[in-house]
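Hi everyone, thanks for making the time. I'd like to walk you through a structure that is new to most of us, so please have a look at it first.

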Amino acid sequence: MSVAPLRKHPRLALATALLVAVASLAAWQRSDAVGQESEKAPNPAALEHANMLSQAFNHAAEVAMPSVVTIYSTTKAQAVSGARPKGGQNPFKGTPFEEFFEGRDLEQFGQQMPREGMGSGVIIDRSGIVLTNNHVIEGADKVIVHLADGRDFEAENIKTDKQTDLAVLQIKGAGTLPAATLGDSDKLKIGDWVMAIGNPFQLEQTVSAGIISGKGRDLPSRTRPVRTQFLQTDAAINPGNSGGPLVDLHGHVVGINTAIATNTGTYSGIGFAVPVNVAKWVTNQLINKGKVERAYLGVGIKPITPEMAQAFGARPGAGALVTQVHPNTPAAEAGFAAGDVITRFEGVDINGPAELQQLVERVNVGDKQSVEVLRDGKTLTLSVAPKPLPEDVIFASQGGPLSSQGIQRDQDVFEASELGLVVSDLSAEKAAEVGLQPNEGVLVTSISRNSPAFEKGLREGMVVLKVGKQDVKSVAEFKAALKDHSLAKGILLYVHARNGNDFVLLKE
């Protein structure tokens with residue numbers, strides 16, 4: 001069955017159409033009037049809420065900005081190791097600059113131009129103490145602090161902690177300065193409003209706002225251990241923001257902006273800051289001791305996964321599993337054993353290796369600490385006196401320390417922190433790969449890009465054959481040989497690389 005439309009009388013249809021048109025016009029006029037009225041008079045409650053938030057941001061910026069500084073660093077021109085002589089191989093081969101120098105006489109490129117950097121910082125003491133990132137001033141020959149009032153001062157008494165990427169410096173002769181108030185990062189919650197203040201892209205006193213979008217973030221490093229868990233924020237952080245403060249709505253510093261997650265080098269929605277409570281502890285150590293003295297137990301630890309929890313009778317995520325107890329360490333002396341699950345340290349519940357590490361490293365060295373462990377389904381209480389963390393200790397991926405002091409993995413490993421490199425014994429497999437005999441040298445396994453060794457051309461995969469005139473066939477011999485040399489006087493290394501052997505002089 002088909003349905004046909006109803007037929008209407010022509011006059012009736014016209015009248016109906018006119019009525020509909022008039023009604024539509026009236027409705028449109030009423031709608032437009034309501035729209036105009038709504039534009040003129042927004043919702044009072046919503047407007048008041050927005051104004052209050054704006055005022056909070058205004059207040060926080062006014063409180064914090066006078067203490068934010070710009071930091072300029074300068075590194076003098078240096079001789080570049082490896083510039084080729086006339087007719088030699090292009091040292092830029094394989095880089096984006098290869099085509100620019102192909103076929104040229106590169107003797108003129110044996111000098112590295114001076115380098116300049118820019119970052120941010122925050123005044124934390126009215127006498128002129130400034131907190132910033134280590135990477136902002138690392139390796140600099142001169143550091144200038146530009147105050148919010150326009151004055152410039154050269155920094156003095158620079159002290160750094162690479163493992164948290166923090167540094168403190170001092171300026172003198174500036175009088176009494178506006179110092180920031182340091183807040184409490186432990187009280188921050190996901191979703192709290194924060195503001196990042198600094199000098200991105202050389203735009204001084206720039207403020208960006210966002211929230212705390214994560215806590216306890218780990219940022220692994222290939223060249224050195226990173227001993228803190230970061231705050232994550234979506235407040236825009238860009239190059240130049242490093243070292244500047246992350247502040248709450250009271251204008252109190254809750255973090256030091258340090259890094260961004262990006263594929264382009266600019267802000268991509270996630271930034272990271274060192275929690276201010278970590279910065280407080282590090283700063284106090286640097287000011288009072290000149291370095292950060294960390295305590296350690298001497299155990300390798302890993303998280304408690306559901307599988308591990310079932311096997312060891314523990315709760316998933318609660319505690320830290322001991323994978324190795326290193327000899328001649330506080331943990332060995334206290335009776336720790338592989339397979340122990342550390343559940344409490346000095347009365348504080350442990351919720352993972354990173355939390356345990358941070359608690360341990362901040363206790364007073366030598367003081368007895370009570371530690372609860374779960375062993376074979378039973379809770380035991382051990383007493384341990386943490387010792388100072390040796391400077392040549394590095395940490396494996398599971399968190400355990402490795403050094404030349406009898407602590408081994410597959411082979412001995414040693415971090416020459418002053419040189420910025422890590423070496424290991426040369427295995428038979430690696431020796432064959434590079435064309436050497438086993439134990440003919442020590443293998444460079446990691447190197448910091450901001451180090452004397454890297455600047456002089458050393459790279460991962462090279463093999464150090466001699467220190468001075470002394471052959472080094474093991475990590476132990478390498479470490480012993482370094483004791484007779486210093487960067488101040490110069491350290492001569494004879495190294496093996498893919499393109500042949502060479503002498504490299506490392507000097508301050």
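**A walk through the model**

Let me begin with one small detail: R459 lies over the face of F454, at 3.7 Å from the ring centre. The rule here is that NZ of Lys or CZ of Arg must be within 6 Å of the ring centre and within 35 degrees of the ring normal.

Before going on, a word about what we are looking at. This is a predicted model, so local features need pLDDT of at least 70 and side-chain atom pairs count only at pLDDT 80 or more, while totals for chains, interfaces and linings use all residues. Residues are numbered from 1 along each chain as its sequence is written, and side-chain values use heavy atoms, with hydrogens and water left out.

Now to the sheets. Helices (H or I, at least four residues) and strands (E, at least two) are DSSP runs, numbered from the N terminus. Two strands pair if DSSP finds at least two bridges between them.

In which order do the six strands of the barrel close? Going round, the order is β10-β11-β12-β15-β14-β13, with antiparallel pairing. From one strand to the next, the twist averages 45°; for angles like this, axes are lines fitted to C-alpha atoms, for helices over the stretch in contact, and the values run from 0 to 180 degrees between N-to-C directions. Helix α2, residues 44-64, packs on this sheet and touches β10 (193-198), β11 (206-217) and β13 (245-247). Contact, by the way, means heavy atoms within 4.5 Å. The direction of α2 makes about 40° with that of β10.

If you want to zoom in on one pairing, try β12 (residues 230-233) and β15 (residues 271-275): they run antiparallel and are joined by three bridges. There, Q232 has F272 in β15 as its bridge partner.

The other sheet I'd like to show you is open, with seven strands in the order β7-β6-β1-β4-β5-β9-β8, and its pairing is antiparallel too. Why do β7 and β8 have one side left without a neighbour in the sheet? They stand at the edges, each with a single partner strand, so there is no neighbour on the other side. The twist in this sheet averages 30° from one strand to the next. Strand β6 (residues 142-146) is joined to β7 by three bridges, and V145 has F153 as its bridge partner in β7.

Helix α5, residues 276-289, is one to look out for. It lies across β14 (253-260) and β15, at about 45° to β15. Helix α5 also lies across β4 (115-125), β5 (129-133), β8 and β9 (166-170), running at about 50° to β9. So α5 lies across strands of the barrel and strands of the open sheet.

Let's turn to the aromatic rings. Rings of Phe, Tyr and Trp (its six-membered ring) pair if their centres lie within 6.5 Å; planes under 30 degrees apart count as stacked, over 60 as edge-to-face and the rest as tilted. That rule gives two aromatic pairs. F57 and W193 are edge-to-face, 5.3 Å centre to centre with 85° between the planes. They link distant parts of the chain, as F57 is in helix α2 and W193 in strand β10, 136 residues apart. F57 is buried at 17% relative accessible area, whereas W193 is partly exposed at 37%. Buried means under 20%, exposed over 50%, and partly exposed in between (1.4 Å probe, protein chains only).

F414 and F478 are also edge-to-face, 6.2 Å centre to centre with 65° between the planes. F414 sits in strand β26 and F478 in helix α11, 64 residues apart, and both are buried.

Which residues of helix α11 (residues 475-482) are buried? They are V475, F478, K479, A481 and L482. These residues cover an arc of only 160° around the axis, so they are on the same side of α11; that arc is taken from the directions from the helix axis to the C-beta atoms. The strands they pack against include β26 (413-416) and β27 (421-425).

To finish, two asparagines. N157, in strand β8 (residues 156-161), has a positive phi near 50° and is partly exposed at 39%. N328, in the loop between β18 (320-325) and α7 (330-334), has a positive phi near 60° and is exposed at 68%. Most residues other than glycine have a negative phi.
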